[in-house]
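Q: Hello! I am new to this structure and would love a close look at a single part of it. Could you walk me through the cavity and its surroundings?

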Amino acid sequence: MSNQATLQLRKDWDGGVSPLGVSYGKLFMWFFLVSDALTFSSLLCAYGFMRHKFTGQWAEPNKVFTHFPFTEASLPLAYVGFMTFDLIMSSVTMVLAVEAGHRKSRKEVIMWLFFTIIGGLIFVGSQCWEWYHFITGPESGPYHDVTRRFIMNGKEVIDTHFSGANLLANSYTLLPTFGDFFFCITGFHGFHVFSGVIINIIILSMVALGIMDKKGHYEMVEKAGLYWHFVDLVWVFVFTFFYLL
């Protein structure tokens with residue numbers, strides 16, 4: 001290596017210059033997203049393995065998730081589809097917020113971040129509503145003859161009219177694993193969405209207070225956008241693996 005190349009290498013790595021052309025904040029956000037992607041991948045791979053192992057005994061999502069607010073009609077996966085559309089649209093508004101940040105348009109960043117937060121809150125609220133109906137089960141009764149045993153006041157109680165789901169049993173299939181994966185995967189993703197909403201609220205407050213203008217850039221919005229797009233992308237895989245397959 002020539003002396004000139006050596007000097008240039010030392011200059012690039014001596015500090016103050018990013019060798020990859022990105023800030024340390026964005027670089028470490030990518031590190032976090034890659035590690036988080038591996039976690040979600042392991043959960044979905046485990047789900048796929050169990051789904052394949054118990055083919056024929058697994059619950060059919062289009063028969064389980066048929067409820068929709070303000071109607072008694074059976075609409076298979078309609079509300080899950082709405083949740084997916086809502087999250088995708090919130091990702092669009094985040095793109096617009098990031099683009100406005102590049103132009104340092106504070107008012108537009110505030111507006112699009114506000115819409116992104118609303119979309120995230122709708123998704124989290126919808127997921128809570130879906131969990132409630134999944135846990136309580138259909139009013140018409142269980143799909144299967146499920147017996148639930150639990151301890152009450154020091155005595156064993158046997159409930160043969162169990163409807164819905166928990167971590168020990170569910171009435172949608174004789175396999176409790178279906179409910180376990182539902183709570184684990186959708187709950188883990190829902191926690192990510194909720195965390196993203198909190199982060200976006202903090203970023204929105206910082207923008208409104210003029211902190212980004214004092215910094216001279218809106219990179220924090222871009223880093224929050226990376227996280228939000230990741231959450232959106234993960235839901236596409238969760239929706240495909242858990243609800244459609």
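A: Happy to. The lining of the largest cavity is made up of Phe-65, His-67, Leu-77, Ala-78, Tyr-79, Val-80, Trp-129 and Glu-130. Two elements give two or more residues each to this lining: helix 4, which covers 78-102, and helix 5, which covers 106-136. Helix 4 supplies the largest share, three residues. Sorted by class, the lining has six nonpolar residues, one polar residue and one charged residue. Please keep in mind that this is a predicted model. The count comes to one cavity of 30 Å³ or more, and the volume of the largest cavity is about 30 Å³.

Let us start with a lining residue that has a notable backbone. Leu-77, which helps line the cavity, sits in the loop between helix 3 and helix 4. Its phi is near 60°, a positive value in a residue other than glycine. Most residues other than glycine have a negative phi. Leu-77 has a relative accessible area of 15%, and because the limit for buried is under 20%, Leu-77 counts as buried.

The loop between helix 3 (61-64) and helix 4 also holds Phe-70. Phe-70 is not a glycine either, and its phi is positive, about 65°. Its surroundings are another matter: Phe-70 has 90% relative accessibility and so counts as exposed, whereas Leu-77 is buried at 15%.

Now for helix 5, which brings two or more residues to the lining. Helix 5 has 31 residues and spans 45 Å from its first C-alpha to its last, close to the 45 Å expected at 1.5 Å a residue. Many of its residues are listed as buried, among them Val-109, Leu-113, Ile-117, Gly-120, Phe-123, Gln-127 and Phe-134. Glu-130 is also buried, and you have already met Glu-130 in the lining of the cavity. The buried residues of helix 5 pack against helix 3, helix 4, helix 6 (177-208) and helix 8 (219-244). Just after helix 5 comes Gly-137, with a positive phi of about 80°.

From here we can step over to the charged side chains. The structure holds six salt bridges. In one of them, Arg-103 pairs with Glu-99, and the closest N and O atoms are 2.8 Å apart. Arg-103 also forms a salt bridge with Glu-108, where the closest N and O atoms are 3.0 Å apart. The relative accessible area is 42% for Arg-103, so Arg-103 is partly exposed. Glu-99 counts as partly exposed too, at 36% relative accessibility, and Glu-108 is partly exposed at 28%.

Another salt bridge joins the side chains of Glu-219 and Lys-223, at 3.9 Å from N to O. Glu-219 and Lys-223 both belong to helix 8 and lie four residues apart, about one turn of the helix. An α-helix has 3.6 residues a turn, so residues three or four places apart point the same way. Glu-219 has 23% relative accessibility and so counts as partly exposed, while Lys-223 is buried, with a relative accessible area of 16%. As for Glu-99, Arg-103 and Glu-108, salt bridges that share partners join them into one network.

Terms used: Residues are numbered from 1 along each chain as its sequence is written. This is a predicted model: local features need pLDDT of at least 70, side-chain atom pairs count only at pLDDT 80 or more; totals for chains, interfaces and linings use all residues. Side-chain values use heavy atoms; hydrogens and water are left out. On a 1 Å grid over the protein atoms alone, a cavity is a set of points where a 1.4 Å probe fits but cannot get out, and a pocket is an open set with protein on both sides within 12 Å along at least five of seven lines; lining residues have an atom within 4 Å of a point. Grid points are joined across faces, edges and corners, and a volume is the space filled by probe spheres set on the points. Ala, Val, Leu, Ile, Met, Phe, Trp, Tyr, Cys and Pro count as nonpolar, Asp, Glu, Lys and Arg as charged, and the others, Gly among them, as polar. Buried means under 20% relative accessible area, exposed over 50%, partly exposed in between (1.4 Å probe, protein chains only). The expected span of a helix is 1.5 Å times one less than its number of residues. Contact means heavy atoms within 4.5 Å. A salt bridge is a side-chain nitrogen of Lys or Arg within 4 Å of a carboxyl oxygen of Asp or Glu.
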